[in-house]
Amino acid sequence: MPQLPEVTGVLDWESAGNGWREFDLAWILRARQAFLNTPQERAAILQGYATHTTWHEPTLRWCEVLMYLHY
């Protein structure tokens, strides 16, 4: 019997498309129960993100408020 390839990840394209950079970043930065709960973890995400693109800080803060009001 041939050996099947191993699944190493899953891509979720549900909301794929051109989006609002700051809103997407706010979604990534939202606090969770087990990770992304410290200023250091937040800084690490933003530092990595900054190596590829920029964002508008006041807009990011506004989007984070929206995120917390929604969830």
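This is a short tour of a predicted model, with residues to select at each stop.

**Stop 1: the core**

Start by selecting L25, A26, L29, L46, L60, C63 and M67. These seven residues make up the largest nonpolar core. Which elements give two or more residues to this core? They are α1 and α3, and α3 covers 57-70.

Now click on L46 alone and show what surrounds it. Leaving aside residues up to four places away in sequence, L46 touches L25, L29, W55 and L60. L25, L29 and L60 are fellow members of the core you just selected.

**Stop 2: the aromatic cluster**

Next, select W20, F23 and W62 and show their side chains. Together they form one aromatic cluster. The structure holds three aromatic pairs. To follow this stop, you need two values: a pair of aromatic rings is described by the distance of the centres and the angle of the planes.

Look at W20 and F23. Their rings are stacked, at 6.2 Å centre to centre and with 15° between the planes. Then turn to W20 and W62. Here the centres are 5.9 Å apart and the planes meet at 45°, so this pair is tilted. Trace the backbone too: W20 sits in the segment before α1 and W62 in helix α3, so the pair ties together parts that are 42 residues apart in sequence.

Are W20 and F23 buried, or partly exposed? W20 has a relative accessibility of 40%, so W20 counts as partly exposed. F23 has 32%, so F23 is partly exposed as well.

Keep those residues on screen, add L66, and switch on a surface view. W20, F23, W62 and L66 form a nonpolar patch on the surface, and together they have about 400 Å² of accessible area.

**Stop 3: the salt bridges**

Clear the selection and pick R42, E57, R61 and E64. Side chains of opposite charge can pair when their charged atoms come close. In this model there are three salt bridges, and the four residues you picked are linked in a network of them.

Begin with E64 and R42, whose closest N and O atoms are 2.6 Å apart. E64 belongs to helix α3 and R42 to helix α2, so this salt bridge ties together parts that are 22 residues apart in sequence. Both partners are buried. For E64 the relative accessibility is 9%, and buried means under 20%, so E64 fits that label.

Move on to R61. One of its partners is E57, with the closest N and O atoms 3.1 Å apart. R61 and E57 are four residues apart in helix α3, which means about one helical turn separates them. R61 also meets E64 in a salt bridge, at 3.4 Å from N to O. Those two are three residues apart in helix α3, so again about one helical turn lies between them.

What about exposure here? R61 is partly exposed, because its relative accessibility is 43%. E57 is partly exposed too, because its value is 31%.

**Stop 4: a loop residue**

Last, select N37. Where does N37 lie? You'll find N37 in the loop between α1 (21-29) and α2 (39-50). N37 touches A31 and R32, not counting residues up to four places away in sequence. With 40% relative accessibility, N37 counts as partly exposed.

To finish, draw a distance line from the C-alpha atom of N37 to that of T51. The two residues are 14 residues apart along the chain, and these atoms are separated by 22 Å.

Definitions and conventions. Residues are numbered from 1 along each chain as its sequence is written. This is a predicted model: local features need pLDDT of at least 70, side-chain atom pairs count only at pLDDT 80 or more; totals for chains, interfaces and linings use all residues. Side-chain values use heavy atoms; hydrogens and water are left out. Buried means under 20% relative accessible area, exposed over 50%, partly exposed in between (1.4 Å probe, protein chains only). Contact means heavy atoms within 4.5 Å. A nonpolar core is a set of buried Ala, Val, Leu, Ile, Met, Phe, Trp, Tyr and Cys residues joined through side-chain atoms within 4.5 Å. Patches are made of residues with over 30% relative accessible area and no salt bridge: like charges are joined within 9 Å, nonpolar side chains (Val, Leu, Ile, Met, Phe, Trp, Tyr) within 5 Å. Accessible areas come from the Shrake-Rupley method with a 1.4 Å probe; for residues, only the protein chains shown count as cover. A salt bridge is a side-chain nitrogen of Lys or Arg within 4 Å of a carboxyl oxygen of Asp or Glu. Rings of Phe, Tyr and Trp (its six-membered ring) pair if their centres lie within 6.5 Å; planes under 30 degrees apart count as stacked, over 60 as edge-to-face and the rest as tilted.
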